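Biologist: I'm new to looking at protein models and I'd like some help. Could you walk me through how to read one?

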Amino acid sequence: MSLPGITPQEYSYLQSATQGLNEQQLRTFLMIYSGKRKNPSDMLLFCIIGLFLVPGLQRFIVGQIGMGILYFFTIGLCFIGSIVDIVNHKQLAFEYNQKMVFESMQMVRMSNF
């Protein structure tokens, strides 16, 4: 699994999630998943942009639309929420990537490879 910026935590999660897949299914999964996942360093960039330019950008990127709107109208919860997101950017990326693993696995299973 050669994914840019993959953390050991994400790697072990991927190994356990893809245990029962054959070679073709694994390739299909990696193709789908690599297009959907967020790199933690990209998430850090989104958090910094969210702090200074567009409050809540990082929340919109990970699909948390309600939190994104809240951050936008409260200026990142008075900057505190945006600063917390900068500190926790790896966790934000990992939680989003966990959801993408589940979605990608569903797509692989539905494709009947």
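Modeller: Let's take this model step by step, from the overall fold down to single side chains. Keep in mind that it is a predicted model.

Biologist: Okay, where do I start? How many helices and how many strands does the chain have?

Modeller: Start by listing the elements. Here you get eight helices and zero strands, so from the N terminus on the order reads α-α-α-α-α-α-α-α. The C-alpha trace spans about 50 × 25 × 15 Å along its principal axes.

Biologist: And what share of the residues counts as buried?

Modeller: For that, you ask how much of each residue is still accessible; under 20% relative accessible area is called buried. Of the 113 residues in this chain, 35% fall in that class. You can look at the surface as a whole too: the accessible surface is about 6600 Å², and 66% of that belongs to carbon and sulfur atoms.

Biologist: How do I see whether parts far apart in sequence meet?

Modeller: Look at the contacts. Among those between residues at least 6 apart in sequence, 63% join residues at least 24 apart. Leu-14 and Val-101 give you a pair to look at: they are 87 residues apart along the chain, yet their C-alpha atoms are separated by 7.5 Å. Leu-14 sits in helix α1 and is buried, at 0% relative accessibility.

Biologist: Can I try one? Which residues does His-89 touch, leaving out those up to four places away in sequence?

Modeller: Click on His-89 in helix α8, which covers residues 89-111. The residues touching His-89 are Pro-40, Met-43, Leu-44 and Cys-47. His-89 has a relative accessible area of 12%, so it counts as buried, the cut-off being 20%.

Biologist: Next, salt bridges. What's the idea?

Modeller: Side chains of opposite charge can pair when their charged atoms come close. A search of the whole structure finds four salt bridges here. One of them joins Glu-10 and Arg-37, with 2.9 Å between the closest N and O atoms. Glu-10 belongs to helix α1 and Arg-37 to the loop between α2 and α3, so this pair ties together parts that are 27 residues apart in sequence.

Biologist: Are Glu-10 and Arg-37 buried or exposed?

Modeller: Both are buried. Now compare another bridge, between Glu-103 and Lys-36, at 3.1 Å from N to O. Because Glu-103 is in helix α8 and Lys-36 in helix α2, the pair ties together parts 67 residues apart in sequence. Glu-103 is partly exposed at 37% relative accessibility, and Lys-36 is partly exposed at 21%.

Biologist: Is there another one I can look up?

Modeller: Try Arg-59 and Asp-85, whose closest N and O atoms are 2.7 Å apart. Arg-59 is in helix α4 and Asp-85 in helix α7, so this bridge ties together parts 26 residues apart in sequence. Arg-59 and Asp-85 are both buried.

Biologist: What about rings? How many aromatic pairs turn up in the whole structure?

Modeller: Three. To read a pair, check the distance between the ring centres and the angle between the planes. For Phe-29 and Tyr-33 the centres are 5.6 Å apart and the planes are at 5°, so this pair is stacked. Phe-29 and Tyr-33 are four residues apart in helix α2, which means about one helical turn separates them. Phe-29 is buried at 0% relative accessibility, and Tyr-33 is buried at 0% as well.

Next come Phe-72 and Phe-73, an edge-to-face pair with 5.3 Å from centre to centre and 80° between the planes. Phe-72 is partly exposed, at 41%, while Phe-73 is exposed, at 65%.

Biologist: Last one: how many disulfides are there?

Modeller: For this you check how far apart the cysteine sulfurs are. The count is zero. Cys-47 is in no disulfide, and the nearest cysteine sulfur, in Cys-78, is 18 Å away. Why is there no bond between Cys-78 and Cys-47? Their sulfurs are 18 Å apart, and that is too far. Cys-47 is buried, with a relative accessible area of 0%, whereas Cys-78 is exposed, with 60%.

Biologist: Great, and Cys-47 is also one of the residues that His-89 touches. Thanks!

Conventions
Residues are numbered from 1 along each chain as its sequence is written. This is a predicted model: local features need pLDDT of at least 70, side-chain atom pairs count only at pLDDT 80 or more; totals for chains, interfaces and linings use all residues. Side-chain values use heavy atoms; hydrogens and water are left out. Helices (H or I, at least four residues) and strands (E, at least two) are DSSP runs, numbered from the N terminus. Buried means under 20% relative accessible area, exposed over 50%, partly exposed in between (1.4 Å probe, protein chains only). Contact means heavy atoms within 4.5 Å. A salt bridge is a side-chain nitrogen of Lys or Arg within 4 Å of a carboxyl oxygen of Asp or Glu. Rings of Phe, Tyr and Trp (its six-membered ring) pair if their centres lie within 6.5 Å; planes under 30 degrees apart count as stacked, over 60 as edge-to-face and the rest as tilted. A disulfide is a pair of cysteine sulfur atoms within 2.5 Å. Accessible areas come from the Shrake-Rupley method with a 1.4 Å probe; for residues, only the protein chains shown count as cover.
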